[in-house]
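Open the model in your viewer and set it to cartoon. Keep a selection box ready, and follow the stops in order.

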Amino acid sequence: MLNNLKSLAGLMSQMGDLQAKADQMQQELSRRTVEGDAGAGAVRVTMNGKLEVKSVKLDPTILATLAGSGADADQRIVEDLIAAACNDAYEKARGLISAEMQKATGGLSVPGLEKLFGS
């Protein structure tokens, strides 16, 4: 029974270290960005490692097409491209988070750790 208590105390100590690493990793992820795109670069979305969209950029030719036609179909195409670029950036950001978690845990799988990063 004493060995079990020592093991529990050791585990609790490691959890505190893991929380500190998680906090540090969150700060690092908020500074790192990825870029998603759609339509061969017509739409670009920049997202940080905290899954926050930082910018959306449209190729000027897309805007000119929209302004010139006024067609609902063109607007839907641009809206679809924006959604696709956001999804692309999201997947890349999740990959960044996963890679950082692997580094922080030395490749160990820690159940629930991803919830600390909103993924």
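Begin with a charged pair: select E52 and K54, which form a salt bridge whose closest N and O atoms are 3.9 Å apart. Bear in mind throughout that this is a predicted model. Colour the two residues by exposure. E52 is partly exposed, at 34% relative accessibility. K54 is exposed, at 53%.

**The whole chain**

Zoom out. The protein chain holds three helices and three strands. Trace it from the start of the sequence and the order reads α-β-β-β-α-α. Now switch on the surface. The accessible area is about 7,700 Å², and carbon and sulfur atoms account for 54% of it. Of the 119 residues, 24% are buried. Take contacts between residues at least 6 apart in sequence: 53% of them join residues at least 24 apart.

**The sheet**

Hide the helices. What remains to look at is an open sheet of three strands, in the order β1-β2-β3, with antiparallel pairing. β1 and β3 stand at the edges with a single partner strand each, so one side of each has no neighbour in the sheet. From one strand to the next, the twist averages 15°.

Select residues 33-38, which are strand β1. Six bridges join β1 to β2, and the two run antiparallel. For one rung of this pairing, pick D37: the bridge partner of D37 in β2 is R44. Then step into the turn. β1 and β2 make a hairpin with four residues between them. G39 sits in that turn and has a positive phi of about 65°.

Move to the other side of β2. Select residues 53-58 for strand β3. Five bridges pair β3 with β2, again in the antiparallel sense. Two rungs are worth labelling. V43 has L58 in β3 as its bridge partner. M47 stands opposite V53 in β3. The hairpin of β2 and β3 has four residues between the strands, and L51 takes a positive phi near 65° there.

**The middle strand**

Which strand is largely enclosed by the rest of the structure? Select residues 43-48, strand β2. Five of its six residues are buried, so β2 is largely enclosed by the rest of the structure.

Centre on V45, in strand β2. V45 is buried, at 0% relative accessibility. Show what V45 touches, leaving out residues up to four places away in sequence. The list includes V34, E35 and G36, then V53, S55 and V56, and also I82, A85, C86 and A89. Add a distance from V45 to D88. The two are 43 residues apart in sequence, yet their C-alpha atoms lie 8.4 Å apart.

Step along to T46, also in strand β2. T46 counts as buried at 18% relative accessibility, because the cut-off for buried is under 20%. With residues up to four places away in sequence left out, T46 touches T33, V34, E35, E52, V53, K54 and S55.

**The other salt bridges**

Bring the helices back and show charged side chains. How many salt bridges does a search of the whole structure find? There are six.

Go to R44 first. R44 forms a salt bridge with E35, with the closest N and O atoms 3.1 Å apart. R44 is partly exposed, at 34% relative accessible area. E35 is partly exposed as well, at 38%. You have met both residues already: R44 as the bridge partner of D37, and E35 among the contacts of V45.

Next, select residues 2-31, helix α1. Find R31 and E28, which form a salt bridge with the closest N and O atoms 3.1 Å apart. Where do the two sit relative to each other along the helix? R31 and E28 are three residues apart in α1, so about one helical turn separates them. Now compare their exposure. R31 is exposed, with a relative accessible area of 57%. E28 is partly exposed, at 30%.

Last stop: select R32, E100 and K103 together. These residues are linked in a network of salt bridges.

Conventions
Residues are numbered from 1 along each chain as its sequence is written. This is a predicted model: local features need pLDDT of at least 70, side-chain atom pairs count only at pLDDT 80 or more; totals for chains, interfaces and linings use all residues. Side-chain values use heavy atoms; hydrogens and water are left out. Buried means under 20% relative accessible area, exposed over 50%, partly exposed in between (1.4 Å probe, protein chains only). Two strands pair if DSSP finds at least two bridges between them. A salt bridge is a side-chain nitrogen of Lys or Arg within 4 Å of a carboxyl oxygen of Asp or Glu. Contact means heavy atoms within 4.5 Å. Accessible areas come from the Shrake-Rupley method with a 1.4 Å probe; for residues, only the protein chains shown count as cover. Axes are lines fitted to C-alpha atoms, for helices over the stretch in contact, and angles run from 0 to 180 degrees between N-to-C directions.
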